[in-house]
Amino acid sequence: RFNLNSQLEHLQSKYVGTGHADTNKFEWMVNQHRDSYASYIGHHSLISYFAVAQNESIARVKFEFVEKMLQPCGLPVPRDE
């Protein structure tokens, strides 16, 4: 059990998207959306698919995805502290 917990803590400290004990639902969703958009932008075949489906150029779709990465889930919710 100790080994598993230490591995999980190491993983969470190494990779931001894996979360931590204080990660709330909003932060988790923002990480998921940003990871998805980064994957779409990084894979040319996915960007091509989205461009054809939206009848837009590939550069326009990439630009829109990069813009959506700024605030993918809207404004952050205020925390109760």
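Modeller: Helices here are DSSP runs of H or I with at least four residues, numbered from the N terminus. The model is predicted.

Colleague: In which helix is the place of alanine 38?

Modeller: Helix α2 covers residues 25–42. The place of alanine 38 is in helix α2.

Colleague: Is alanine 38 buried, partly exposed or exposed?

Modeller: Buried means under 20% relative accessible area, and exposed means over 50%. Alanine 38 has a relative accessible area of 39%, so this residue is partly exposed.

Colleague: What separates the C-alpha atoms of alanine 38 and cysteine 73?

Modeller: Along the chain, alanine 38 and cysteine 73 are 35 residues apart. Between their C-alpha atoms the separation is 15 Å.

Colleague: How are α2 and α4 oriented to each other, roughly parallel or roughly antiparallel?

Modeller: The axes of α2 and α4, the latter being residues 58–68, come within 9 Å and cross at roughly 160°. Angles over 145 degrees count as roughly antiparallel. The crossing of α2 past α4 is left-handed. The two helices, α2 and α4, are therefore roughly antiparallel.

Colleague: Which residues of α4 make the contact with α2?

Modeller: On the α2 side the contact uses Tyr37, Tyr40 and Ile41. By class, this contact of α2 with α4 has 5 nonpolar, no polar and 2 charged residues. The α4 side supplies Lys62, Phe65, Val66 and Lys68.

Colleague: Is α3 roughly parallel or roughly perpendicular to α4?

Modeller: Helix α3 spans residues 44–54, and its axis comes within 9 Å of that of α4, with a crossing of roughly 105°. Angles of 65 to 115 degrees count as roughly perpendicular. That angle therefore makes α3, relative to α4, roughly perpendicular.

Colleague: Which residues in α4 does α3 meet?

Modeller: From α3 come His44, Ile47, Ser48, Phe50, Ala51 and Gln54. The contact of α3 with α4 divides into 6 nonpolar, 3 polar and 2 charged residues. In α4, the residues met are Ile58, Val61, Lys62, Glu64 and Phe65.

Colleague: Of what kind is the aromatic pair of tyrosine 37 and tyrosine 40, stacked or edge-to-face?

Modeller: These tyrosines, 37 and 40, are 3 residues apart in α2, which means they are separated by about one helical turn. Their ring centres are 6.1 Å apart, with 80° between the planes. Planes over 60 degrees apart count as edge-to-face. The pair of tyrosine 37 and tyrosine 40 is edge-to-face.

Colleague: What is the relative accessibility of tyrosine 40?

Modeller: Tyrosine 37 is buried, with a relative accessible area of 14%. Tyrosine 40 counts as partly exposed, at a relative accessibility of 25%.

Colleague: Which residues form one aromatic cluster?

Modeller: The structure holds 6 aromatic pairs. One aromatic cluster is formed by Tyr37, Tyr40, Tyr49, Phe50 and Phe65.

How values were computed: Residues are numbered from 1 along each chain as its sequence is written. This is a predicted model: local features need pLDDT of at least 70, side-chain atom pairs count only at pLDDT 80 or more; totals for chains, interfaces and linings use all residues. Side-chain values use heavy atoms; hydrogens and water are left out. Axes are lines fitted to C-alpha atoms, for helices over the stretch in contact, and angles run from 0 to 180 degrees between N-to-C directions. Angles under 35 degrees count as roughly parallel, over 145 as roughly antiparallel, 65 to 115 as roughly perpendicular and the rest as oblique. A crossing is left-handed if the near helix is turned anticlockwise from the far one by less than a right angle, and right-handed if clockwise. Contact means heavy atoms within 4.5 Å. Ala, Val, Leu, Ile, Met, Phe, Trp, Tyr, Cys and Pro count as nonpolar, Asp, Glu, Lys and Arg as charged, and the others, Gly among them, as polar. Rings of Phe, Tyr and Trp (its six-membered ring) pair if their centres lie within 6.5 Å; planes under 30 degrees apart count as stacked, over 60 as edge-to-face and the rest as tilted. Buried means under 20% relative accessible area, exposed over 50%, partly exposed in between (1.4 Å probe, protein chains only).
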